[in-house]
Amino acid sequence: MQKTVLIVEDEFLIAMDLKLLLEQRGWCVLGPAATVGEALELLSDELPAVAILDVTLRDGKVTLVAETLRAQNVPFVVASAYASPELIGGEVLAGAPNVGKPTEERRLFKVLEQAVQSGP
């Protein structure tokens, strides 16, 4: 079964880099979504196995997307340069693994696999 991942990232080059990297490793990528609205629209069509969330998007914080994922029991990781993303994006991000920005490839895949196996 192919694993699906939702990318929520508003920086085009970072989003495309993540998309290509994930697809090369056999992941099916939803998005990338650059706004909260785009992400919620994608989630209304299909639930991924896991999501990668940037904290600050074009139309605001990723908080509503994270809350929606949590309500649907979809695990997520944060890709942020913030040391404490929950201080920016809300308590819903507390405890979510942060793969950093820039994201190191080996860490990204390790954290994604762990998130899929352990769930939300």
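## A parallel sheet and its surroundings

In strand β3, V50 is the bridge partner of V5. That pair is a handy place to start a tour of this predicted model. From there we can walk across the sheet, look at the helices that pack on it, and then visit some residues worth a closer look on your screen.

**The sheet**

- The sheet is open and has four strands, arranged in the order β2-β1-β3-β6 with parallel pairing.
- Its edge strands are β2, residues 28-33, and β6, residues 76-78, and each of these pairs on one side only.
- On average, neighbouring strands in this sheet are turned by 15° against each other, with direction ignored.
- Between β1 and β3, which run parallel, there are four bridges.
- On the way to β6, strand β3 (residues 50-53) makes three bridges, and these two strands also run parallel.
- If you want to find the β3 and β6 register by eye, look for A51, which stands opposite F76 in β6, and for L53, whose bridge partner in β6 is V78.

**The two faces of β3**

- Side chains in a regular strand alternate between the two faces of the sheet.
- In β3, V50 and I52 point one way, while A51 and L53 point the other way.
- Whichever way they point, all four of these residues, V50, A51, I52 and L53, are buried.

**Helices on the sheet**

- Helix α3, residues 63-71, packs on the sheet and touches β1 (4-8), β3 and β6.
- The direction of α3 makes about 165° with that of β3.
- Helix α5, residues 105-118, packs on the sheet as well, and its contacts there are with β3 and β6.
- For α5, the angle between its direction and that of β3 is about 135°.

**Around V29 and K19**

- V29 lies in strand β2, and K19 is found in helix α1, residues 12-24.
- Is K19, a lysine, buried or exposed? K19 counts as buried because its relative accessibility is 19%, and the cut-off for buried is under 20%.
- V29 is buried too, because its relative accessibility is 12%.
- Setting aside residues up to four places away in sequence, K19 touches I7, V29, G31 and P32.
- On the same basis, the contacts of V29 are V5, I7, K19, L22 and E23.
- V29 and A51 are 22 residues apart in sequence, and their C-alpha atoms are 9.5 Å apart in space.

**Two cis peptide bonds**

- The bond from G31 to P32 is cis, with omega near 15°.
- P32 is found in strand β2, and both G31 and P32 are touched by K19.
- A further cis peptide bond runs from K101 to P102, with omega near 5°.
- P102 lies in the loop between α4 and α5.

**Loop residues to look at**

- A34 lies in the loop between β2 and α2 (36-45).
- Where does the 10% relative accessible area of A34 place it, buried or exposed? A34 is buried, because 10% falls under the 20% limit.
- Leaving out neighbours within four places in sequence, A34 is in contact with E9, D10, L57 and R58.
- The C-alpha atoms of A34 and V5 are separated by 15 Å, and the two residues are 29 residues apart along the chain.
- N73 lies in the loop between α3 and β6.
- Phi of N73 is near 60°, a positive value in a residue other than glycine.
- N73 is exposed because its relative accessible area is 55%, and exposed means over 50%.

**A nonpolar patch on the surface**

- Which residues make the nonpolar surface patch of about 310 Å²? Y82, L87 and I88 make this patch.
- I88 is found in helix α4, residues 86-89.
- I88 counts as partly exposed because its relative accessibility is 32%, and partly exposed covers values between the buried limit of 20% and the exposed limit of 50%.

Technical notes
Residues are numbered from 1 along each chain as its sequence is written. This is a predicted model: local features need pLDDT of at least 70, side-chain atom pairs count only at pLDDT 80 or more; totals for chains, interfaces and linings use all residues. Side-chain values use heavy atoms; hydrogens and water are left out. Patches are made of residues with over 30% relative accessible area and no salt bridge: like charges are joined within 9 Å, nonpolar side chains (Val, Leu, Ile, Met, Phe, Trp, Tyr) within 5 Å. Accessible areas come from the Shrake-Rupley method with a 1.4 Å probe; for residues, only the protein chains shown count as cover. A salt bridge is a side-chain nitrogen of Lys or Arg within 4 Å of a carboxyl oxygen of Asp or Glu. Buried means under 20% relative accessible area, exposed over 50%, partly exposed in between (1.4 Å probe, protein chains only). Two strands pair if DSSP finds at least two bridges between them. Axes are lines fitted to C-alpha atoms, for helices over the stretch in contact, and angles run from 0 to 180 degrees between N-to-C directions. Contact means heavy atoms within 4.5 Å.
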